[in-house]
Amino acid sequence: MKKHLKGIMITVYLVMWSVSVAAFYLTPDDSGMGYAFIYMWIIMPVTTFAASLVIGKMNYWGKFKWLSPIAFGIMYMLIEYCTFSLANMLAFNKINVPDFSTIPLGIIFSLAGLIPGHILSLEPGTRKKAQIKAEPIEEDKEHK
């Protein structure tokens, strides 16, 4: 069952990614700012966060799950490259280099979900809980 959930989670993420790219070309030409705000700053970061949370919680790929933020970072960079950059390349008949500076954003969105997911995956007995122990202060009897 866990294996099927992993496949479903990957499929849902890729469908959301594809819809985000397709929406760019299906919206009117003058709505680029709205597209960027809705898809690149709300929908895909939330999708990346949720997918990473599930990866961390379900402990998919074991220790290799810590490499998934790199994949999410690359996918986040590819959204911009397959939309704004591709439209620019087609309009001006030139090739643009991908903007690799967006990869860290995707990594941050992913780590924001992966770390809490990993913490939630730990067994209740192994979670480190902050315990504040109040010790009474002993007064110095010599100064009284």
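## Helix H4 and what covers it

Within helix H4 of this predicted model, the buried residues are Ile103, Gly106, Phe109, Ser110, Gly113, Leu114 and Gly117. The cover over these buried residues includes H2 and H3. H4 itself has 19 residues, and the distance from its first C-alpha to its last is 26 Å, which is close to the 27 Å expected at 1.5 Å a residue.

## Overall fold and confidence

The protein chain comes to 4 helices and 0 strands, and from the N terminus on its elements run α-α-α-α. Of the 144 residues in the chain, 29% are buried. When contacts between residues at least 6 apart in sequence are considered, 76% of them join residues at least 24 apart.

The mean pLDDT of the chain is 86, with 84% of the residues reaching 70 or more. Over residues 129-134, however, the pLDDT is below 50, and this stretch has 0 contacts in the model beyond near neighbours in sequence.

## Helix H3 and its kink

Helix H3 covers residues 68-92, and its 25 residues should span 36 Å at 1.5 Å a residue; the end C-alpha atoms are 35 Å apart, which agrees with that expectation. H3 nevertheless contains a kink of about 35 degrees, centred on serine 85. Serine 85 is also one of the buried residues of H3, a list that further includes Ser68, Pro69, Phe72, Gly73, Met75, Tyr76, Met77, Ile79, Glu80, Thr83 and Met89. After the helix comes asparagine 93, whose phi is positive, near 50 degrees.

## The nonpolar core

In soluble globular proteins, nonpolar side chains tend to be buried together. In this model the largest nonpolar core has 19 residues, and those with the most contacts inside it are Tyr13, Trp17, Tyr35, Ile55 and Ile79. At least two residues of this core are supplied by each of helix H1 (2-26), helix H2 (32-58), H3 and helix H4 (103-121).

Isoleucine 55 can be followed in more detail: leaving aside residues up to four places away in sequence, isoleucine 55 touches Met9, Tyr60, Trp61, Lys65, Ser68, Phe72 and Leu114. Among these partners, Ser68 and Phe72 belong to the buried residues of H3, while Leu114 is one of the buried residues of H4.

## Aromatic pairs around tyrosine 35

A search of the whole structure finds 9 aromatic pairs. In one of them, phenylalanine 24 and tyrosine 35 meet edge-to-face, at 5.2 Å centre to centre and with 70 degrees between the planes. This pair links distant parts of the chain, since phenylalanine 24 lies in helix H1 and tyrosine 35 in helix H2, 11 residues apart. Phenylalanine 24 counts as buried because its relative accessibility is 14%, under the 20% limit for burial. Tyrosine 35 is likewise buried, with a relative accessible area of 3%.

Tyrosine 35 also pairs with phenylalanine 84: the ring centres are 5.9 Å apart and the planes stand at 65 degrees, so this pair too is edge-to-face, given that planes over 60 degrees apart count as such. Because tyrosine 35 lies in helix H2 and phenylalanine 84 in helix H3, the pair ties together parts that are 49 residues apart in sequence. Phenylalanine 84, at 29% relative accessibility, counts as partly exposed. Phe24, Tyr35 and Phe84 are among the members of one aromatic cluster, which also includes Tyr25 and Tyr39.

Methods:
Residues numbered from 1 in each chain as written. Predicted model: local features only at pLDDT ≥ 70, side-chain atom pairs only at ≥ 80, totals over all residues. Heavy atoms only, no water. pLDDT = per-residue confidence, 0-100. Contact = heavy atoms within 4.5 Å. Expected span 1.5 Å × (residues − 1). Bend = angle between axes of the 7 residues up to and from the residue. Buried < 20%, exposed > 50% of the residue type's maximum accessible area, 1.4 Å probe, protein only. Core = buried A, V, L, I, M, F, W, Y, C linked by side-chain atoms within 4.5 Å. Phe/Tyr/Trp six-rings, centres within 6.5 Å; stacked < 30°, edge-to-face > 60°.
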